[in-house]
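Here is a walk through one protein model, strand by strand and ring by ring. Keep the 3D view open while you read.

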Amino acid sequence: MCGPELLLLRLFVLMLGLFGRLAASPNGSPADSQPSLSASSHLCGGTLTATHGTLQTPNFPERFPVPISCVWIIDASGVVGPNSSIVVYLTQQYVLSGLRFTEYMYYSEDFKVPSENVFELSEYDVTNVPWIKFNSPYLEIRFTMEALYGTHLRALDHLLDVYGFNITYEVDKVKPYQCNALQCRFLGHCYAKQDYSAYYCDCYAGFSGLDCGNGPLCKDSHICENGGTCK
């Protein structure tokens, strides 16, 4: 085949390739020009082998790029046993969805043995679950989100412009006291101490107490009548 016939064949192949790329894109532009969920994966994720640490969205507590997909692997294969587990504390959890926790008995790039346990964080869990315990030696934490708006916790004046999460994990027993946004009454941030020995509420200005329940009006000890307690 040569001459005009070869030229027509090459043109036909080029048109097929272009048609395939357009068909793969919902808006008719080339598919590889569309952002993929893995486009921001280099900003977060990784393998964690320390016995404690934090996981956070890029730029926390500011906006992060979307769409986004992050995968963290907590490898506690040398630590998890009868007296310890992987415990994730939802200390500063402001996204209402997108987090999925999957346990593995073994995890490597080319071979994985999943456990039966998969936990996907719901909007209810964000305020009602301060910690999650996993007994398998490997934990995959996967975060995916396509849009920022309508996907975050909002409360009062102090939590109207926070994005993402900054959560803590430990390979240990569950601490006797934990906190999250709700347990700090949305009036402070929940933090782990520097040595991870305990968790506490760091209250906003004007608020105090273990759960930040003492407000500015409570400075007047007589404000509550009939034996009431000011909160």
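Start at Cys190, which stands opposite Cys201 in S11. The two strands here are S10 (residues 188–192) and S11 (residues 199–203), which run antiparallel and are joined by 5 bridges. Their hairpin has 6 residues between the strands, and Tyr196 in that hairpin takes a positive phi near 60°. Keep in mind that all of this comes from a predicted model.

**The chain as a whole**

Zooming out, the chain has 2 helices and 11 strands. Going along the sequence, the pattern reads α-β-β-β-β-β-β-α-β-β-β-β-β. Of its 231 residues, 39% count as buried. If you take the contacts with a separation of 6 or more, 69% of them come from residues 24 or more positions apart.

**Two open sheets**

One open sheet has 5 strands in the order S1-S3-S8-S5-S6, with mixed pairing. Its edges are strand S1 (46–48) and strand S6 (112–120); each has a single partner strand, so one side of each is left without a neighbour in the sheet. From one strand to the next, the twist averages 20°. Inside this sheet, S5 and S8 run antiparallel and are joined by 6 bridges. To find the register, look for Arg100, whose bridge partner in S8 is Arg142.

The other open sheet has 4 strands in the order S2-S9-S4-S7, and its pairing is antiparallel. Strand S2 (52–56) and strand S7 (131–134) are the edge strands, each pairing on one side only. Neighbouring strands in this sheet are turned by 20° against each other on average, direction ignored. S4 pairs with strand S9 (residues 165–172) over 7 bridges, in the antiparallel sense. Here the handy landmark is Val88, with Tyr169 as its bridge partner in S9.

**What fills the core**

Val88 is worth a second look. Not counting residues up to four places away in sequence, Val88 touches Phe101, Pro130, Trp131, Ile132, Phe134, Leu139, Ile141, Ile167, Thr168 and Tyr169. Val88 also belongs to the largest nonpolar core, which has 49 residues; Val88 is among those with the most contacts inside it, along with Trp72, Phe101, Leu139, Ile141, Phe143 and Phe165. S3, S4, S5, S7, S8, S9 and S11 each supply at least two residues of this core. The strand that gives the most is S4, with 5 residues.

Just past S4 comes Tyr94, in the loop between strand S4 (85–93) and strand S5 (99–107). Is Tyr94 buried or exposed? With a relative accessible area of 2%, Tyr94 falls under the 20% cut-off, so Tyr94 counts as buried. Leaving out residues up to four places away in sequence, its contacts include Phe60, His152, Leu153, Phe165 and His189. Thr151 is another residue that Tyr94 touches; the two are 57 residues apart in sequence, yet 8.6 Å apart in space, C-alpha to C-alpha.

**Rings and charges**

There are 11 aromatic pairs in the count. One of them is Phe64 with Phe143, an edge-to-face pair. Phe64 lies in the loop between S2 and strand S3 (68–75) and Phe143 in strand S8 (residues 138–145), so this pair ties together parts that are 79 residues apart in sequence. Both Phe64 and Phe143 are buried. Another pair is Tyr106 with Phe111, whose planes are at 45°, so the pair is tilted. Tyr106 is partly exposed, with a relative accessible area of 38%.

Ring pairs also link Phe64, Trp72, Phe143 and Phe165 into a cluster. Trp72, Phe143 and Phe165 are the ones you met above, among the core residues with the most contacts.

Charged side chains join in too. The charged end of Lys112 sits over the ring of Tyr107, and Arg154 lies over the face of Tyr163. Here are the ring distances side by side.

| Partners | Kind | Distance |
|---|---|---|
| Phe64 and Phe143 | edge-to-face ring pair | 5.9 Å centre to centre |
| Tyr106 and Phe111 | tilted ring pair | 6.0 Å between centres |
| Lys112 and Tyr107 | charge over ring | 4.8 Å from the ring centre |
| Arg154 and Tyr163 | charge over ring | 4.9 Å from the ring centre |

How values were computed:
Residues numbered from 1 in each chain as written. Predicted model: local features only at pLDDT ≥ 70, side-chain atom pairs only at ≥ 80, totals over all residues. Heavy atoms only, no water. Buried < 20%, exposed > 50% of the residue type's maximum accessible area, 1.4 Å probe, protein only. Contact = heavy atoms within 4.5 Å. Pairing = 2+ DSSP bridges. Axes fitted to C-alpha atoms, helices over the stretch in contact; angles between N-to-C directions. Phe/Tyr/Trp six-rings, centres within 6.5 Å; stacked < 30°, edge-to-face > 60°. Lys NZ or Arg CZ within 6 Å of the ring centre and 35° of its normal. Core = buried A, V, L, I, M, F, W, Y, C linked by side-chain atoms within 4.5 Å.
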